[in-house]
Amino acid sequence: MNLIKWTPRSSLLRPFGIDSWADETDRFFDSFARWPVHPSRFHDADWLPSFDVVEKEKEHEVRVEAPGMKKSDFHVAAKDGVLTISGEKKDEESKNGDRYSYRESRYGRFSRSFRLPDEATEKNIKANYKDGVLTVSLPRSKPLKAKEIEVEIS
């Protein structure tokens with residue numbers, strides 16, 4: 001699989017206009033996922049839930065922690081080698097005139113895109129939402145086979 005780093009030229013895709021910050025963020029996510037995060041993750045988002053990418057033998061799995069959302073609040077699409085997960089967590093309306101004195105809960109729209117690795121296929125993508133976690137499964141076109149290379153010590 002060949003990975004090519006995509007560097008956007010638009011300042012909209014680089015928050016705070018700092019190239020080094022965006023590069024460091026890409027390197028951080030690349031070290032875990034081993035496939036680059038598409039920079040459109042910053043566009044049109046009020047907040048961003050936690051995303052995990054897991055490599056399994058027969059599939060890649062993207063997990064989104066979004067408690068308090070319903071499965072109808074999500075939109076998952078794959079096109080031209082890019083997986084996009086978006087959604088909206090709606091603000092709870094206060095009942096009986098209650099007001100928040102302190103609030104850490106986040107709400108609003110989010111969108112995150114990932115460039116798919118070569119061995120992932122857009123066909124047969126499945127998504128499941130259970131206990132506040134959206135799990136998107138992307139089957140591999142070929143199962144992962146571990147190779148061992150003997151290294152001669154001189």
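Here's a quick briefing on how confident this model is and how strand E8 sits in it. The model is predicted, so local features need pLDDT of at least 70 and side-chain atom pairs count only at pLDDT 80 or more, while totals for chains, interfaces and linings use all residues. Residues are numbered from 1 along each chain as its sequence is written, and side-chain values use heavy atoms, with hydrogens and water left out.

**Confidence**

- The protein averages a pLDDT (the predictor's confidence in each residue, from 0 to 100) of 76, and 67% of the residues score at least 70.
- Among the elements (DSSP runs numbered from the N terminus: helices are H or I with at least four residues, strands are E with at least two), strand E1 (residues 37-38) has the lowest mean pLDDT, 45, and strand E7 (residues 126-130) the highest, 95.
- Over residues 10-18 pLDDT stays under 50, and the model has 12 contacts (heavy atoms within 4.5 Å) beyond four places in sequence for them.
- Residues 34-44 also stay under 50, with 43 such contacts.

**Strand E8 and its partners**

- Strand E8 (residues 133-139) is largely enclosed by the rest of the structure, because 5 of its 7 residues are buried (under 20% relative accessible area, against over 50% for exposed and in between for partly exposed, using a 1.4 Å probe and protein chains only).
- Strand E3 (residues 59-65) pairs with E8 (pairing takes at least two DSSP bridges) in the antiparallel sense over 7 bridges; Val-62 has Val-136 as its bridge partner in E8.
- E7 runs antiparallel to E8, joined by 5 bridges, and Lys-130 is bridged to Val-133 of E8.
- The E7–E8 hairpin has 2 residues between the strands, and Asp-131 takes a positive phi near 55 degrees there.
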